[in-house]
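Please open the structure in your viewer and keep the sequence beside it. This tour tells you what to select next and what is there.

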Amino acid sequence: MPSTSLSRKHIALSNLLCLALLCAPSRAQEATTPAPAKSDEVIRVTTELVQTDVMVFDKQGRFVDDLRPEQFELKVDGQPKPVAFFERITAGSFDEDAQLAAARGGARRPSGAKTGAVQPLDRGRNVFFFIDDLHLAPGSLTQMRSLILRFIDEEMRQNDSVLVASASGQIGFLQQLTDNKEVLRAAVARVKPIPYTVRDNEQPSMTEAQALAIERNDLAITDVFVEQTLRDLPPRTPRSVALSIVQNRARTLLQLGANVTTGTLSSLENQVRILSPLAGRKLMFFVSDGFIADDRIGNVRDRLRRITDAASRAKVVIYSVDAQGLSRGLADSSSPGVFDPSGRLEHANASAASTQDPLFTLAADTGGRAWTNSNKFSPRFAQALKETSVYYLLAWQPEQTDGRDTKFHRIEVSVKDRPDLTVLVRRGFFAAPPAVERIEKNEKNDKKRKDAKPMSTEDTELLSALHSVHPRFELPTWLWAGYFDTPQNGTVLALTVEIDSDALSFQPSGDTQIAGANVVVAVFNEQGKPTTSFKQHVSVKPNPAAKINRRRAAFSHQMRLAPGLYQVRIAARDDKSGRTGSSMQWISIPDPKKKQFTMSSLLVGERTPDTDTVKTASEADTLQGVPISAGRMFSNKSWLRFVTYIYNATGDAARPADVALQIQLFRDDQPVLTTPLRKVEVPSPADASNLPYAAELALQDFPSGVYILQVTAIDRSAKETASQRIRFTIE
């Protein structure tokens, strides 16, 4: 059975671990001589195919399994295409990326090879919410905020990562993919209603829907406004004058709306492109009240095509959500003072369903669905995640071109002789990706850059890795960040950085070999402003005694920070090869002045069978410390060791603190270990404000996978609880 142990010797271990982290100077651990590089397992190809993912559902909405390639009919620009590659793929499977790479090259797997091997657990999902706050009424925004928060709090799984983005960019620095629920809640809270600036201040007031009808020569709607306008003009004014006034008003109103829509679609395209480096298929919810899309103003069709192409390259499926739900079509006050007993304007407003057209287009062209005219959104989030978890991958040989093909190619896929089935497929792509739009320069910032001292190539690459939207893995780099309250320095942010020394480039140095890397560390507050940064060089020498699966170059650092929410970012660059790696972590530092019952972060390390042994029986209360692990990848033949501090427990000389603690392990949100409550030893009443606790867990009985260690402390006198969690992997 899994075991835990606790005694006074673990208190000694607590001091050793914290001493190593908080008091030791920055240092580098020794590493072994690098092993030879592994051969590339991805099949190399010379001809790249075009691929698309396809979902097929029956009338009950169930995925249709066991379809064969010959059952599919594929057309590009109306011309039939033979399927050169076909495979059923489960998103999150072990070899999804390899299958996608094979599809691009048309190479098939050897007969009998294992495909679609699904991880039974630990399958994290990447979920993206794009909030079109430029087209979102206050009521719709309130409803959507509540639904997204419910998803974060109740439906987000242990290994999921979520990003909340907005068209206006008002989320700012918090607009990042993360598994930290506190950050996600803060991101949602930042989305505030933005007053819609497209207004018609003339009388009688005109809506965008009515303006679109006038632009499309709807005589019934046009006549209403012409008649009203003539009443306000001098007698005998020609009807043509009133018509021109009405048409100009309509075009101006549509142009203003098109400018706002351009902002939404440009922001959406940019966000989709940013997601491209992430592995596997991705699901995005586009939340909007809808908007007018007319090709004669704003070139919306081209922008939608660019998004479709970007989504295809980034493997993003968009599910559109009409946030107005069932409220659409109700009477509004957008046209006060217009006398229209015929009901023609009401008909135009009711036809505002045309504002849903872009929602349907975005969803259909990227292989997703559009949800409209319903207020039941929450269950559909789970439905979409389930629907997009399995798909068929089709690939075909493209036409040979001279590289100047700018045409948008249309894709059609159907299942032969099965008209009853619903096929969702990406509907188009550009042969070559369209150029990314140039962002207008800020002359003031340009001058600052010109006046700044030129950076070296090394610094440029380090900063690029540091500010990368997603972590870089060319040089595997790990980060652990935690906080502690110390008697001498107050609240301290402690960092441990690790680099995989096998990935470093060793070179001769005298009679030995040496490798090195520069590491830059930066801490940002929740507004994205840097609070501190530093650069450190790590040198590594071979150590033949080190275990092959634990070769790490590491250093620790500490700093003081005010209470608040921070993101720590690190980037490393190999001295010789120039390969870079990066990592990031959010951390919330509480205010010690509030004297709340809290816990420090969890420090974790690994004790292997051949380390941390008791030298003699008389030294049973002293344990050899184990290194703190930033990567937190442990052997299933080892023991996980952790340390934490419990702060501000209730207690004094007359009534000592009564604190109990429970340890739990979770895998895929299911508890796999729960220990009984254990009373925390309190050496004396004076120590109740800072109680150390340490223990270890045997990992031998747990299968490989991703786990969460949760430690919960209970102040039974004050009836308060505090807990900390940390993720680790059993290899």
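The stops below go from the whole chain to single residues and back to strands.

**The whole chain**

Start with everything shown. This is a predicted model. The protein chain holds 13 helices and 32 strands. It has 731 residues, and 49% of them count as buried. Now think about contacts between residues at least 6 apart in sequence: 75% of these join residues at least 24 apart.

**An open parallel sheet**

Select β6 to β10. In what order do the five strands of the open sheet stand? The order is β7-β6-β8-β9-β10, and the pairing is parallel. Look at the edges, where β7 (161-166) and β10 (370-371) stand. Each has a single partner strand, so one side of each is left without a neighbour in the sheet.

Zoom in on β7. β6 pairs with β7 in the parallel sense, over six bridges. Pick Phe-128 to see one partnership: its bridge partner in β7 is Leu-163.

Are the faces of β7 covered or open? Both are covered. Ser-161, Leu-163 and Ala-165 are buried on one side. Val-162, Val-164 and Ser-166 are buried on the other. That makes six of six residues buried in β7. In a regular strand, side chains alternate between the two faces of the sheet.

Move to the other edge. Strand β9 (residues 316-322) and β10 run parallel and are joined by two bridges. Select Ser-320 and look for its bridge partner in β10, Ala-370. Then add helix α10 (residues 357-365), which packs on the sheet. α10 touches β8, β9 and β10. Its direction makes about 155 degrees with that of β9.

**Helix α7**

Select residues 239-274, which make up helix α7. The helix lies across β6, β7, β8 and β9. It runs at about 165 degrees to β8.

Within α7, pick Ile-245. It counts as partly exposed because its relative accessibility is 32%, between the 20% and 50% limits. Not counting residues up to four places away in sequence, Ile-245 touches Thr-229 and Leu-233. For a distance check, take Leu-230: it is 15 residues from Ile-245 in sequence and 10.0 Å away in space, C-alpha to C-alpha.

Next, pick Asn-259, also in helix α7. Asn-259 is partly exposed, with 46% relative accessibility. Gly-298 is 39 residues away along the chain, yet the two C-alpha atoms are separated by 7.1 Å.

**Aromatic rings**

A search of the whole structure finds 25 aromatic pairs. Select Phe-130 and Phe-286, a stacked pair. Their ring centres are 5.8 Å apart, with 15 degrees between the planes. The pair links distant parts of the chain, 156 residues apart. Phe-130 sits in strand β6 (residues 126-131) and Phe-286 in strand β8 (residues 282-288). Both residues are buried.

Which residues form one aromatic cluster? Select Phe-129, Phe-151, Phe-285, Tyr-319, Trp-371 and Phe-381.

Two arginines are worth a look. Arg-607 lies over the face of Trp-639, at 4.2 Å from the ring centre. Arg-725 lies over the face of Phe-666, at 5.4 Å from the ring centre.

**Thr-388**

Go to the loop between α11 (378-387) and β11 (390-396), where you will find Thr-388. Is Thr-388 buried or exposed? Its relative accessibility is 9%, and under 20% means buried, so Thr-388 counts as buried.

Show its side chain. A polar atom there lies 3.4 Å from the backbone oxygen of Leu-385. Then leave aside neighbours within four places in sequence and list the contacts. Thr-388 is in contact with Met-55, Ala-91, Arg-281, Leu-283, Val-317 and Tyr-319. Tyr-319 is also one of the residues in the aromatic cluster above.

**Strands β26 and β30**

For the last stop, select strand β30 (residues 690-698). Eight of its nine residues are buried, so β30 is largely enclosed by the rest of the structure. Add strand β26 (residues 639-647), which pairs with β30 in the antiparallel sense over nine bridges. Finish on Phe-642, whose bridge partner in β30 is Ala-695.

Key: Residues numbered from 1 in each chain as written. Predicted model: local features only at pLDDT ≥ 70, side-chain atom pairs only at ≥ 80, totals over all residues. Heavy atoms only, no water. Helix = DSSP H or I, 4+ residues; strand = E, 2+ residues; numbered from the N terminus. Buried < 20%, exposed > 50% of the residue type's maximum accessible area, 1.4 Å probe, protein only. Polar contact = N/O pair within 3.5 Å; in protein donor to acceptor, adjacent residues only side chain to side chain. Contact = heavy atoms within 4.5 Å. Phe/Tyr/Trp six-rings, centres within 6.5 Å; stacked < 30°, edge-to-face > 60°. Lys NZ or Arg CZ within 6 Å of the ring centre and 35° of its normal. Pairing = 2+ DSSP bridges. Axes fitted to C-alpha atoms, helices over the stretch in contact; angles between N-to-C directions.
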